[in-house]
Every structure is written in C-alpha cells, then in structure tokens.
Amino acid sequence: MALYMKAAEILDKVEQKKGAVKTLVYDSKFQNIKQLFALVCETQKYSPVLQEIIENTRLLKETKLRHNLAKVLVYDLLIGQGIKCGGSWKAMMLKHRSRLQAALARIKVKRKVSRNQDLLPPSAQHNNGVDIPRYVRVNTLKTTVEDVIDYLKREGFSYQGAASQLEDLCSLSGKTFMSDLHLQDLLVFSAKMDFHDHYLYKAGHIILQDKASCLPAYLLDPPVGGHVIDACAAPGNKTSHLAAIMKNKGKLFAFDIDTKRLSTMSTLLLRAGVTCHQLANEDFLKVDPLSPAYRDVTHILLDPSCSGSGMVCLHDGSSEEQEHDPERLKALAAFQLRCLNHALKFPKLQHLVYSTCSIHPQENEEVVSACLENNPDFRLIHLFPEWPERGRDPLTQCLRASTTKTFTHGFFVAMLERQATPNSESLDEQPPSISEPSAGEEEQVEVSVDEQFQPPAAKKRRRNRKKPKKQKS
Ligand SMILES: C[S@@+](CC[C@H](N)C(=O)[O-])C[C@H]1O[C@@H](n2cnc3c(N)ncnc32)[C@H](O)[C@@H]1O
C-alpha cells in the first residue's frame, strides 16, 4: 500500500508545483526508489487515458478514493504489473476491474488502436515507441553471473545465451532473458519485467541499473586495491559498481552534498555488500585535492547533477520546462565544468570518467571541450570503438547513448587521461592540508560496513569477453 500512497502523494506535489518528479521521488526516502519512480512516470504518461477511464466509470464517487490514488491504482491494475498490495484497496479495485477494463477497451475501439502504448500522446513517446529493455547488473560482490542465471532458470526463466547484435535486446518477451552484447555482468529482460520484489534484488545480488549508467564504472575500470573517488555519488549505483570492479579492495571515497540521498545510498551500499567505501556528506568542490587522504587517488568518476533530459520517463511538465530552460542549462554546465576542473587537480589522477544523463551538448561535449582547454595536461581517450553512438563532432572519442540507437536512456560518457606522470617526490613535500578533517568534521564522515557480508568465491569477472581497448586520441 505504501507504494501507491507515496506515488499518489508525489503526483499531488507535482500538481502543486512543489518539485520535479525525480527530486520528489528521491526525497521520499521510499525503499524502492526505482519502482516508485517508474510507477509515477508511467501513471503520468497515461494520465489522460486514466482520467477518462476514471470519469467514465465514476470511480471516485463509488470508491471515495483520492484522485491521484485512483490514477496509480487504475494504472497498475489495467496497464502496469497488476495491483501488488493486499488489503482493502486490492479487493476494492478487483471489484471494479471488469468495468474498468471495459472502459479501457471502449477507448481503444474509439481510437482504433489495439495496444495500450498507442493511446499515448506523441509527446509521451520520447522513445519513439521502443520500450527500453530491463537491464539487471549482477552484483559480483555477492554472487556470480552463472549463479544468477541458474537461479532464474530454476524459477522458470528461459536463458537465450549472449546477444549477438544490439537488436536482440529488444526481442525479449515474457520470462526470456539474455546476456548483454557489451557488458558481461549485465542481463537483459523484456521491458515489462519487474524485479523490485524479487529475492535477488532484495538480497543485493542484482542491481536494477540502466545499461548506459553502467558504462562509467565499467570504462573507468579502477584497479583492485586502488584509491578511487566517486565525486557526486548518491544514490550510489555507480559506487557499488566501482566497488565490484575493485573487488571491495582499496579505498573508494564517495561524496555527496545531499544528506537524504546519502542516507538512501548508505542503505543501498550495505545491501550490495560494499565495504571499501568511505561515505562523506561533503561538497566535492570543497574537498581539498592536496589533502594527504587523497594523495593516492588515481581514478575519479564524476557524474554530477544534470538536467536529466536523457531520462525517458520525465513527463512532469515542470521538469520538461526546466530541462530546456537555457539559463538553467547554463548554470548546470558552469557547475559541471567547475567539478571537472576541480577533479583534475588531484595530483596523482590518471583517469577520470565524466558522465551525465543529459542529451544536451551544453552539458556534455561543450563542458568537456572547455575543460580540455583549461587543462592541457589531459587528453580524451577514444572509448569503446564498437559502441554504436559517438559524442558530437569533433568529440567522437566520447560515447552517447539513446533509446533509439543503444536501447537505453539518453547518456553521455567521456574519459580523460593525464598525459604526463606527476612528480611524486614533489608531492611528498606538500604541507599538510588545511582542510584535512578535524575531529569535529570527521563526525560527518559516515562509513558503512556490512558485517554480515561474506565474499563469494568469485569466478573470473571477464572470462569470456575481452574488454574493449581504450585508444588514445
Ligand atoms: C546524477 S546524481 C549522481 C548519481 C550517482 N552517480 C549514481 O549513479 O547513483 C548527482 C549527485 O550529485 C550530487 N551533488 C550535487 N552537487 C554536489 C556537490 N557540489 N558535491 C557533491 N555532490 C553533489 C547530488 O546531490 C546528486 O546526488
């Protein structure tokens, strides 16, 4: 019931212009953020149809449900996963099910369509009618790809082997699934598959993460035992991915300025069995690159706040306006550039991955170009040659992702490499940093350790598929 109540509450707040969907969902502290986000977005997408069904069946009068609560329940009953909660609402909705189904059928006949998605207004079809597959990253800190495949097969899923071309990823239906074409720890399911209530998800064995969002950690590929920074880390999917690649060895410094998001992150990392991290509620721009604490940092992942314009289910009117507001884009780009310039000040940094879930060049190629002008010691690495979508000319070393070309959310990734090796002796002479945490400041640093976590007998992570080579530009 909590899911539907929260979703309705967020829809109420969006109508009252109290914030954008994404922010309200993250701020809700709901346990299944992604499940809540998907339900809110989908309900918004189908809102005109749901409204029509509710009016035609006089559902509010008959049930005394609040308007947005009725919408989310009708969405899940007729279009979504089916009502998941038990209790009185389920019984109430089931009582009205045949009337509601008949109302939906009448709307389809009137509009001469057979599929629910054809009822969507063109503005809601960001992904040109292509459903993005459900991507599931296997958390190799807790299990192996083979074990997850076997577990799912025992549950009646049918494994199709590895995809041989990108289009295969969109061919899945029902309980069929396959291994991804590019990322070995990623399994791919039909768009309709929902794992939020699945044991493997609840136990942290699988992470529900879009394929594009797996690229930054995968491409950064920090060494086992290395010192790594995740600069804008919450809610932490990329952090847990980095930890998995590092096999939980070394140091993973994760910063975020937002206390609430950080607390969600702490829970998620605990569930994922991440132990090599140090979580800090800090403004990354105020972290001292010359602090002895970070003297061995060689890899940084920078995934700063962005417009979110690549996320396909942002149908919150206010956020769409915000996404295209030139002033907002300018401010975001300036912030992103400051973060990038700051990150490149860490003296032993070798590789940095910059990513956004934005489709705007202002937040992507333009930020990277400006940064390279400011930092001639760094150059771009030509990423993943076989990846089908490249950064906008001339930054074709970078990657882009989209619903139509890569069957993912819209995304951008760049990787910078230091050209000259820093002189480590001169670093030793650095005076102690004034921003080394004092006793009081240390209290802000929260370190979460999953004491129950027992490392699995991990099998070779990249046994079958070779990692694509990075080519210097
Ligand atoms: C795109 S989200 C990061 C998503 C995260 N990398 C993941 O994969 O789960 C951007 C994050 O940057 C944080 N942020 C914004 N400004 C920041 C700053 N100055 N210092 C640290 N974090 C910041 C936001 O609170 C937000 O959580």
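An oxygen atom of the ligand sits 3.4 Å from a polar backbone atom of P235. The model is predicted, and this contact is a good place to enter it.

Start with P235 itself. This proline belongs to the loop that links β6 (227-230) to α11 (237-245). The peptide bond leading into P235 from A234 is cis, and its omega is near 10°. Most peptide bonds are trans. So one residue brings together a backbone contact to the ligand and a cis bond.

Two further backbone contacts involve ligand nitrogen. At C232, a polar backbone atom lies 3.2 Å from a nitrogen atom of the ligand. At I257, the corresponding distance from a ligand nitrogen to a polar backbone atom is 3.3 Å. The ligand has 600 Å² of accessible area on its own, and the protein covers 89% of that.

Now widen the view to the whole shell. How many residues surround the ligand? There are 19, and the closest are K238, D256, R261, D283 and D303. By class, the shell holds 9 nonpolar residues, 7 charged ones and 3 polar ones.

Leave the ligand and turn to the loop between β11 (378-382) and β12 (399-401). P394 is found there. The peptide bond from D393 to P394 is cis, with omega near 5°. F384 has its place in the loop between β11 and β12 too. Its backbone is worth a look: F384 is not a glycine, yet its phi is positive, at about 40°. Most residues other than glycine have a negative phi. That loop therefore carries two backbone features to inspect, the positive phi of F384 and the cis bond before P394, set against the general rule for phi and peptide bonds.

Helix packing comes next. Two packed helices are described by the angle between their axes and the distance between the axes. Take α1 (residues 2-15) and α3 (residues 33-45). They pack at an angle of about 55°, and their axes are 10 Å apart. That angle makes α1 oblique to α3. The crossing of these two helices is right-handed.

The second pair is α4 (residues 47-57) with α7 (residues 87-111). Here the axes come within 9 Å and cross at roughly 120°. Is this pair oblique or perpendicular? The answer is oblique, because an angle counts as roughly perpendicular from 65 to 115 degrees. The crossing of α4 and α7 is right-handed.

How values were computed. Residues are numbered from 1 along each chain as its sequence is written. This is a predicted model: local features need pLDDT of at least 70, side-chain atom pairs count only at pLDDT 80 or more; totals for chains, interfaces and linings use all residues. Side-chain values use heavy atoms; hydrogens and water are left out. A residue is near a molecule or strand if one of its heavy atoms lies within 4 Å of it. A polar contact is a pair of N or O atoms within 3.5 Å; within protein, one must be able to donate a hydrogen and the other to accept it, and residues adjacent in sequence count only if both atoms are side-chain atoms. Accessible areas come from the Shrake-Rupley method with a 1.4 Å probe; for residues, only the protein chains shown count as cover. Ala, Val, Leu, Ile, Met, Phe, Trp, Tyr, Cys and Pro count as nonpolar, Asp, Glu, Lys and Arg as charged, and the others, Gly among them, as polar. Axes are lines fitted to C-alpha atoms, for helices over the stretch in contact, and angles run from 0 to 180 degrees between N-to-C directions. Helices (H or I, at least four residues) and strands (E, at least two) are DSSP runs, numbered from the N terminus. Angles under 35 degrees count as roughly parallel, over 145 as roughly antiparallel, 65 to 115 as roughly perpendicular and the rest as oblique. A crossing is left-handed if the near helix is turned anticlockwise from the far one by less than a right angle, and right-handed if clockwise.
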